[in-house]
Structure formats: structure tokens, C-alpha cells
Amino acid sequence: MSPQIIFYIILALVVLDFLFNSYLSWLNYGYFDRPIPKELEDVYDQDAYLKSQQYKKTLAKFSAVTRTLSFVLLVVFLVLDGFAWLDHYVRTLVTGELKVALLFFGILIVASTVLSLPLSYYRNFVIEEDFGFNRSSTTIFFIDKLKGLLLTFLIGGALLAAIIWLYQQLGSSFWIAAWGVITLFSLVTNLLYARLIVPLFNKQTPLPQNSLRDQIEAYAARVGFDLKNIFVIDGSKRSTKANAYFSGFGREKRVTLYDTLINDLEEEEIVAVLAHEVGHYKRKHIITNLIVSIALTGFTLWLFSLCLQLPQVAQALGGQPSFHLGLVAFGLLYSPISALTSFCMSLLSRKHEYEADNYAAATYRAKPLIGALKKLSRNSLSNLTPHPLVVKINYSHPTLLQRYRNLMA
């Protein structure tokens, strides 16, 4: 297959991806004005529901603009051989394939960050601000962006450098060693994320010994869950939206509650949310997701190694065969497989959410969990009437109505 044919395939995939996601967005938009299901009529009063509809429509329009801009920029860059031009430019600055690749991706990341910055700022300080969600300052916003960029360069750059070095040393069989490196990195990240990464952005403090902690510890003891690390994170410094999550395993496992969650929910509702998170651990969802992710990474690296053996893949972008151009071309060609694997992962994720809900209902109670889910949906102006196809393809969680009916069954 010639480089030109591969280029046309890449272009066609980019166009199809844009059209498909635009179609899904259009379908979803048509469901925004649907009446609230009877089971969820207590989530919104009339004014709040009108506000939620306006929020959904505003976000949908904003997403359409950002999606279209990204699509146009990518197509123009492809048609004008932008990746080949950047490769040539980088080679005038540095020598050696490792340095060339790192600088190539570094420039792309910086350019992408700069181009997306105005849109990100607009969403935060106009849309989220207008609907009462934003609590961040411009200082926090720009510091977060800078920290994220530095982490990308330090961690992502180190991983990329290691993989390229393995490719240079091992040739087409590099993917096996690279798989091992990425697997080790994933394990360490899962284990130490809360200790090493989260503190760079948020302050975490142990939940004080109070009635809430007493109830949490009593529940954990009753279900045989060794829980000593319960932390509160200062999510309110950026947003009014609430969350809770479970991280780590072994001695490093911990539950993190957003301070907004504690402010918005009753104590029994917080315990119910925690019971849901414990359900993920008890049902081994964390380990399952990690194993599936590792297997998927191995499969992807194997496919990538096959593409690197075909010089015309990199040449399709207008340049000479190289690791970094091959990686860009592969990323674009991989989009249909990525869409399929994302769909399967969403199915698995929704199954896990049902199982965690069922665990919480069986070991605690269903009613406070339903109450918590309704309050969280109301406070974040969640979409209660998404299009079924959008749910099947994009949602990692079941809808509120689906979770309600499952818990009441």
C-alpha cells in the first residue's frame, strides 16, 4: 500500500470520527428538552430544571465549536504536510533520533496547550462561572496548566525516551520490553498517585475524628474493610461540584472525599457513597481494570510495532520513516480500534458501577445512596435525559434513572 493511499485513509478516518461524534452530539441535543422521568421529578424544581437545560445546551454548543476547530486545524495540518514540516524543522535544531522525537512531541504539546488555552479559560471563567460552578482564580488556573505541562514533560518525556531507546536497541521486538516498562509505571502510579501527584494540585487532610468518621469506620469494620486512610481534598477551591474516589491498594489504599461532598450530603449519604467505593474494591474492579488496561496496552504496542515495520506509514505524513512520525500516523489510524475498545471499556465500567451500587445497597442501604446520587446530579446540573445511543457509546456510568431503577429493583 502506497503512502498516498495511507494518507487518504488517515484523512477519511479523521473526517468520519468528526462526523460520528457530531452526530452523537446532535442526537443528545434533541433529548435535552425531554420531560424528567417520574422517578426523578424530585431532583429539580422547575427553575432548576430550566437552568440545567440551559447549561447542557451551552456546553453542547461550546463542545461543537471546540470539536470543529480541532478538526479543521488537524485537517489543515495534514493536508499541508505540517508534521513533515515540523520534523524537518526539528532536525535543523538537534541531531539524533531520540532528541528529534522528544523535541518534536514537545513542540506539538506546547502548541496544543497554547491553542486550547483560550477555550479552556472561556469554559472555566465564562460558562462555569455563569452557572455558579467556578471557584478557581486565574492564578490557580494558569499554575495548574503549568504544573500539568511540566508533569507531561517530566513523566511523559521519560517514558517516551525509554520506549524510543528500547526501539533503537531491540528493533521490532521492542514492544515487549516497552510493555513491561509501561506496566511497571502503571502499577507505581496506581499505588502512589495520591501521595505524589495529588498534593501537587490539592491539599489533602485526614478526616477528623467526628461522627462522620465514626460512621465510616463502623461500616468499614462491619464489612471487613481495613480502612485507615480517609482524606478530605479541597476541591472547593476550583469548583462547587462534588466527588469521591478510591485509590491505591494494599497499605496504600485510601478513600478521598471532596470537601464539597461533605458540605452537600447528609452523613448517611456520604457513608452510602463510600460503601459504593468499597464495593469497587471488594468486587476487585480496580484490579480488573488494571489487568484489562495492561492487556490493552500490550495489544496496542504490538500493533504499533507492526506499523513501524512499514515505512510507508510514516511516509504518509509527508516525511521520512521515523519513530515519531510513525507514532503520529499510527495514532490516527488506530482511531477505529480505539473507539471499539473505549466502547467495551464503557460497558465494563457501567457493569462495575451497577455491582458497586448493589454492594452498597446490600451492605448499607439503597435509600441514602439514591438520595446522594440525586443531590449530586442536582448540584452539578446533570443531564437526566441523555440519548440512549450516547449512553451506550460514551457513558462510563449508568444514567441516574438506570441506577435508581437498579437500586429499587
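In the predicted model, His280 is buried, with a relative accessible area of 11%. This value lies under the 20% limit used for burial. His280 belongs to helix α9, which covers residues 267-282. Leaving aside residues up to four places away in sequence, His280 is in contact with His285, Ile286, His352, Glu353 and Ala356.

Just after α9 in the chain, Lys284 sits in the loop between α9 and α10, the latter formed by residues 285-308. The phi angle of Lys284 is near 60°, a positive value in a residue that is not glycine. In contrast to the buried His280, Lys284 is exposed, because its relative accessible area of 54% is over the 50% limit.

A positive phi is also found at Asp81, where the angle is about 55° although the residue is not a glycine. Asp81 is placed in the loop between α2 (46-79) and α3 (82-91). With a relative accessibility of 34%, Asp81 counts as partly exposed, since this value falls between the limits of 20% and 50%.

Helix α3 follows this loop. Buried residues in α3 are Gly82, Phe83, Ala84, Leu86, Asp87 and Val90. The elements that cover these buried residues include α2, α4 and α12. An α-helix has 3.6 residues a turn, so residues three or four places apart point the same way.

Two helix pairs were examined for packing. Two packed helices are described by the angle between their axes and the distance between the axes. For α2 and helix α4 (residues 97-130), the angle is about 165° and the axes are 12 Å apart. The two helices α2 and α4 are therefore roughly antiparallel to each other, as the class applies to angles over 145 degrees. Their crossing is right-handed. On the α2 side, the contact is made by Tyr55, Thr58, Leu59, Phe62, Thr66, Leu69, Leu73 and Phe77. These residues meet Leu108, Leu115, Leu119, Tyr122, Arg123, Ile127 and Glu128 of α4. Sorted by class, the contact of α2 with α4 holds 11 nonpolar, 2 polar and 2 charged residues.

The second pair consists of helix α1 (residues 3-29) and helix α12 (residues 323-333), whose axes come within 9 Å and cross at roughly 50°. This angle makes α1 oblique to α12, because it is neither under 35 degrees, nor over 145, nor in the range 65 to 115. The crossing of α1 with α12 is left-handed. Helix α1 contributes Ile6, Ile9, Ile10, Leu13 and Val14 to the contact, and α12 contributes Ala329, Leu332 and Leu333. By class, this contact of α1 with α12 has 8 nonpolar residues, with no polar and no charged ones. Helix α12 is also among the elements that cover the buried residues of α3.

The cysteines were considered last. A disulfide is a covalent bond between the sulfur atoms of two cysteines. A search of the whole structure gave 0 disulfides. Cys307 is buried, with a relative accessible area of 19%, a value under the 20% limit. Cys344, at 42% relative accessibility, counts as partly exposed.

Conventions:
Residues are numbered from 1 along each chain as its sequence is written. This is a predicted model: local features need pLDDT of at least 70, side-chain atom pairs count only at pLDDT 80 or more; totals for chains, interfaces and linings use all residues. Side-chain values use heavy atoms; hydrogens and water are left out. Helices (H or I, at least four residues) and strands (E, at least two) are DSSP runs, numbered from the N terminus. Buried means under 20% relative accessible area, exposed over 50%, partly exposed in between (1.4 Å probe, protein chains only). Contact means heavy atoms within 4.5 Å. A disulfide is a pair of cysteine sulfur atoms within 2.5 Å. Axes are lines fitted to C-alpha atoms, for helices over the stretch in contact, and angles run from 0 to 180 degrees between N-to-C directions. A crossing is left-handed if the near helix is turned anticlockwise from the far one by less than a right angle, and right-handed if clockwise. Ala, Val, Leu, Ile, Met, Phe, Trp, Tyr, Cys and Pro count as nonpolar, Asp, Glu, Lys and Arg as charged, and the others, Gly among them, as polar.
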